[in-house]
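Here are my notes on the model you sent over, as numbered points. Have the structure open while you read.

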2 protein chains.
Amino acid sequence: MPSPQPSPASPSRPRLSRETVLAAAASLVKQHGPQALTMRKLAAELGTAVTSIYWHVGNRESLLEALVERTVRELGDIRPRGRTPHARVVSIARALRRELRAHPHLIAMVHERGLTERMFLSAQQALVHEVHAAGLRGARAAEAVRAVQFSVIGHVLVERNRERAPVQRPGEPELWGPEAAEEDPGLARALARAPDPERVFTVSVRALVDGLLGLPDSPAP
Amino acid sequence: MPSPQPSPASPSRPRLSRETVLAAAASLVKQHGPQALTMRKLAAELGTAVTSIYWHVGNRESLLEALVERTVRELGDIRPRGRTPHARVVSIARALRRELRAHPHLIAMVHERGLTERMFLSAQQALVHEVHAAGLRGARAAEAVRAVQFSVIGHVLVERNRERAPVQRPGEPELWGPEAAEEDPGLARALARAPDPERVFTVSVRALVDGLLGLPDSPAP
DNA sequence: ACCTGAACACCGTTCAAGT
DNA sequence: ACCTGAACACCGTTCAAGT
């Protein structure tokens, strides 16, 4: 036994492992998005031959799948805040949005790979609890939970798309010039500005929860 | 002048034009999505050399852009139905959803290319009208319009993603087994079933509009 | 058990050359 | 004005061969 660990081509590099590959891949995705993760760039990053990666992770698709699975597991629990069910549901929605936005590239990847339900399990259970507290039961409760869930995912997807394509042509300013809504200049001004996604989200969720649970100052039906 | 139109390599094929290229590209996208539109497949479809396409449309990206622009122009006007502003806003939202779903591959493409505002102009003006009729003005009216707009786009995006990845793992049935919510078996049953997107959409939009305009049977604030 | 290079079948795009 | 093939720089993946 001349050497316990026969040195590979580049002796300084530590042995390749599934973990190393996943870590490097995660860093590439985090920095430049999934489309920037090519097997060849990844190999270059790791200082190995492209084909070595295949030994450890199978192929590109299962590499991405493993990445997604890992991120979903890392997603934190949701802690509702507030006194009324209304306030607590809104707080869950906001927390959900924050978590999703913290992993911008991964939302779409999770969705495409069918892991959305697992990703939302913790939030879903929290929502069930609050919706119950608000007096909803059975199918109606389920509908309320799913309405909130869909809305949050939808908003985050819209926001992501907007961020990727910030330049809007023709552009709302031109569409909502002073003559367009002369009877309500305040509205025209508001629509001419770029929307504040945070604000749109909050307004929407509040209104949605109002509609689902009954208005905050009115008793549940 | 031996021949008024010197025949190309394949004499049966009519002369290539920007229109022909766009039509063939549109058909490819409609059938198999944007990722199936490769310049080489398109050339094969048209019976030309790949490079001929570049002469007519520049490159792949501007080809897709032209496609999107054309679809946006084709999008029909929205005709609100119903007696109350509430009903009419809901009808606009449903019409919007139907139009978007009629061009499944193009929603994302429109969004990525920043044409969403133009695409929504007609609907936005209809929404402004209804929201005015409901008594909202200025910034509040603008918020309501945008809340509806974001929600519809969001829902359609979520639905599209779900359709592309119909298999959910672990799967809600396993997550919502009988013991999970024993105190409300109706809820557990409802959540164990796959959601009906149409139903979730309707419930969400109704609740959202309730919250934005005031409940349908209560006066506007 | 792990790593390698060569090879295959794909991409989008450029360019000089044809008519 | 329009069309062409050759060439370039990229992909993901397979495979036989090395240690």
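**Notes on the model**

1. Let's start with what the record says. UniProt, in an unreviewed entry, annotates residues 38–57 of chain A as "DNA-binding region". Keep in mind that this is a predicted model. Across residues 38–57 of chain A, helix accounts for 80% and strand for 0%, and the C-alpha atoms at the two ends are 14 Å apart.

2. There is a second annotation to go with that one. The unreviewed UniProt entry also lists "domain: HTH tetR-type" for residues 15–75 of chain A. In the model, residues 15–75 of chain A are 75% helix and 0% strand, with 29 Å between the end C-alpha atoms.

3. Now the overall build of chain A. The chain has twelve helices and zero strands, so you won't find a sheet to orient yourself by. Of its 221 residues, 50% are buried. Take the contacts in chain A between residues at least 6 apart in sequence: 68% of them join residues at least 24 apart.

4. How is chain A divided into domains? The assignment gives domain 1 as 18–58 and domain 2 as 73–213. Measuring tape aside, the computed separation of the two domain centres in chain A, over C-alpha atoms, is 33 Å.

5. On to the DNA, beginning with strand C. There are 20 residues around DNA strand C, and the closest are Thr51(A), Ser52(A), His56(A), Arg40(B) and Thr51(B). Both protein chains are thus represented in that closest group. By class, the surface near DNA strand C has seven nonpolar, seven polar and six charged residues.

6. Which atoms of the protein meet the phosphates of strand C? A backbone N or O atom of Leu16(A) sits 3.3 Å from a phosphate oxygen of DNA strand C. For Met39(B), a polar backbone atom is 3.0 Å from a phosphate oxygen of the strand. Tyr54(B) uses its side chain instead, with a polar atom 3.1 Å from a phosphate oxygen of DNA strand C. The elements giving two or more residues to this surface are H3 of chain A, plus helix H2 (39–46) and H3 of chain B. H3(A) supplies the largest share, four residues.

7. Strand D is next. Of the 20 residues around DNA strand D, the nearest are Arg40(A), Thr51(A), Thr51(B), Ser52(B) and His56(B). The surface near DNA strand D divides into seven nonpolar, seven polar and six charged residues. Among the atoms of DNA strand D within 4 Å of the protein, 51% are sugar or phosphate and the rest are in bases.

8. Have a careful look at Arg40(A). One of its polar side-chain atoms is 2.2 Å from a base nitrogen of DNA strand D. Two contacts to phosphate come from chain B: a backbone N or O atom of Ala49(B) lies 2.8 Å from a phosphate oxygen of DNA strand D, and an N or O atom in the side chain of Arg15(B) is 3.5 Å from a phosphate oxygen of the strand. Helix H2 (39–46) and helix H3 (50–57) of chain A, together with helix H3 (50–57) of chain B, each give two or more residues to the surface near DNA strand D. The largest share there, four residues, comes from H3(B).

9. Away from the DNA, check the contact between the two protein chains at Glu143(B). Glu143(B) is in helix H9 (residues 138–164) of chain B. Its side chain makes a polar contact of 2.6 Å with the side chain of Arg199(A). Leaving out residues up to four places away in sequence, Glu143(B) touches Arg199(A) and Val203(A).

10. One last residue: is Ala108(A) buried, partly exposed or exposed? Ala108(A) counts as partly exposed because its relative accessibility is 29%, and the partly exposed class runs between 20% and 50%. The residue belongs to helix H6 (residues 106–112) of chain A. Its C-alpha atom is 10.0 Å from that of Val156(A), 48 residues away along the chain.

Definitions and conventions: Residues are numbered from 1 along each chain as its sequence is written. Chains are lettered from A and ligands numbered from 1 in the order in which they are written. This is a predicted model: local features need pLDDT of at least 70, side-chain atom pairs count only at pLDDT 80 or more; totals for chains, interfaces and linings use all residues. Side-chain values use heavy atoms; hydrogens and water are left out. UniProt positions are given in the numbering used here, feature names are shortened, and annotations may be inferred rather than shown by experiment. A polar contact is a pair of N or O atoms within 3.5 Å; within protein, one must be able to donate a hydrogen and the other to accept it, and residues adjacent in sequence count only if both atoms are side-chain atoms. Ala, Val, Leu, Ile, Met, Phe, Trp, Tyr, Cys and Pro count as nonpolar, Asp, Glu, Lys and Arg as charged, and the others, Gly among them, as polar. Domain bounds come from an automatic or database domain assignment. Buried means under 20% relative accessible area, exposed over 50%, partly exposed in between (1.4 Å probe, protein chains only). Contact means heavy atoms within 4.5 Å.
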